[in-house]
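Hi there,

Here is the model I promised to pass on. Please have a look at it first, and my notes follow below.

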Amino acid sequence: NEDTVGEVVSDTASDDSYTLDDFSNVVYYSNKTRTRIELLVKKGIPVTDDVCEKLGIPAPKSDADARAAMLTTMHVDQLISLADGHILLSPDLVKEGQDPPLDPAHSLTRIGVGTANKKGIATTAAMRTVASRLRLELAAVQDLKFSSNATAAAGPLRRARAWKSALYQTSGAPRPLGEQVFILQCVSEGLLDEAVEALWTADGGKGAVAAQPLLKELVDHVRTSAPGVMEEVTTSKQLSVANAGTLKEAAESFLATASK
């Protein structure tokens, strides 16, 4: 999916980027690789060393040894990724208005099982910190679809709606990593359950779209009350204990006021 490719790599943008010409007329870049690079360039996404690493291709300025090592296993890794990495775009989520309609409970990131020299690059340390329960909690809701115990299902359903609201992104306008991590942190700690539930069930039930104004106000508030913290997460790809505490405190302050 072209939009998904752009969203996955867009948080790595920097001024030190390559042009399409850097990948042209070079024997070790296949036509398929050049097509992928051209897609990113057309979308205005800077092609950096980090982006090349995520795509599993050697950067133009890689030294000969590093390039040779990556090319040696590239085709093996591509074959393996067909089996261990995929996303599921759900028609049911399209009907709900989810954008992108990606089903995390049935999708799998590329983890490179079976390769000797690949490190896991599908997610950042910050993202793993806040989203470790995401798939399990969404899967739990699927298991409760046929439950006759409405009370038992209420809590997991609220949490699932909060996750879906946090995952919503307008096509072509992905959130920066720090912003994504912050919103997912709020969900994982249960800060958004009640607020999002009220918005989902109001005005005829507009789903995740209904929660977006609240999330925007929340992010704007934190950007003002805790300046630079989300930007630090984006740059470092880490969520330190201190920054997590600062972000949580700012979120609680905003939500306490918003709920009145």
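**What I found**

Of the 260 residues of the chain, 38% count as buried (under 20% relative accessible area, with over 50% called exposed and anything in between partly exposed, using a 1.4 Å probe and protein chains only). Before the details, a word on conventions: this is a predicted model, where local features need pLDDT of at least 70 and side-chain atom pairs count only at pLDDT 80 or more, while totals for chains, interfaces and linings use all residues. Residues are numbered from 1 along each chain as its sequence is written, and side-chain values use heavy atoms, with hydrogens and water left out.

**Overall layout**

The chain has 13 helices and zero strands (DSSP runs numbered from the N terminus, H or I of at least four residues for helices and E of at least two for strands). Contacts, here and below, are heavy atoms within 4.5 Å. Among contacts between residues at least 6 apart in sequence, 70% join residues at least 24 apart.

**Three helices that pack on one another**

Two packed helices are described by the angle between their axes and the distance between the axes. The axes are lines fitted to C-alpha atoms, for helices over the stretch in contact, and the angles run from 0 to 180 degrees between N-to-C directions. For orientation, under 35 degrees is roughly parallel, over 145 roughly antiparallel, 65 to 115 roughly perpendicular and the rest oblique. A crossing is right-handed if the near helix is turned clockwise from the far one by less than a right angle, and left-handed if anticlockwise.

Let me start with helix α9 (residues 177–188) and helix α11 (residues 208–225), which pack at an angle of about 110° with axes 11 Å apart. That makes α9 roughly perpendicular to α11, and their crossing is right-handed. On the α9 side the contact uses Glu 179, Phe 182, Ile 183 and Cys 186, which meet Leu 215, Leu 218, Val 219, Val 222 and Arg 223 of α11. By class, this contact of α9 with α11 has seven nonpolar, no polar and two charged residues (Ala, Val, Leu, Ile, Met, Phe, Trp, Tyr, Cys and Pro count as nonpolar, Asp, Glu, Lys and Arg as charged, and the others, Gly among them, as polar).

Next, α9 packs with helix α13 (residues 241–258) at about 70°, the axes being 10 Å apart. Here too α9 is roughly perpendicular to its partner, α13, and the crossing of α9 and α13 is right-handed. Phe 182, Gln 185 and Cys 186 in α9 meet Ala 244, Leu 247, Lys 248 and Ala 251 in α13. That contact of α9 with α13 divides into five nonpolar residues, one polar and one charged.

The remaining pairing is α11 with α13, at an angle of about 125° and with axes 9 Å apart. These two helices, α11 and α13, are therefore oblique to each other, and α11 passes α13 in a right-handed crossing. Among the residues making the contact are Leu 218 and Val 222 of α11 and Leu 247 and Ala 251 of α13. The contact of α11 with α13 has seven nonpolar, three polar and one charged residue.

Where does Ala 251 sit? Its place is in helix α13, and it counts as buried at 0% relative accessibility. Leaving aside neighbours within four places in sequence, Ala 251 is in contact with Phe 182, Cys 186, Leu 191, Leu 218 and Val 222. Ala 251 and Leu 218 are 33 residues apart in sequence and 6.8 Å apart in space, C-alpha to C-alpha.

**Charged residues in α8**

Arg 159 lies in helix α8 (residues 150–167) and is buried, with a relative accessible area of 15%. Beyond its neighbours within four places in sequence, Arg 159 touches Arg 133, Glu 137, Val 187, Ser 188, Gly 190 and Asp 193. Lys 164 is found in α8 as well, and at 18% relative accessibility Lys 164 counts as buried. With the same neighbours within four places left aside, its contacts are Leu 93, Glu 96, Gln 98, Leu 138, Trp 200 and Ala 208.

Happy to talk any of this through.

Best wishes
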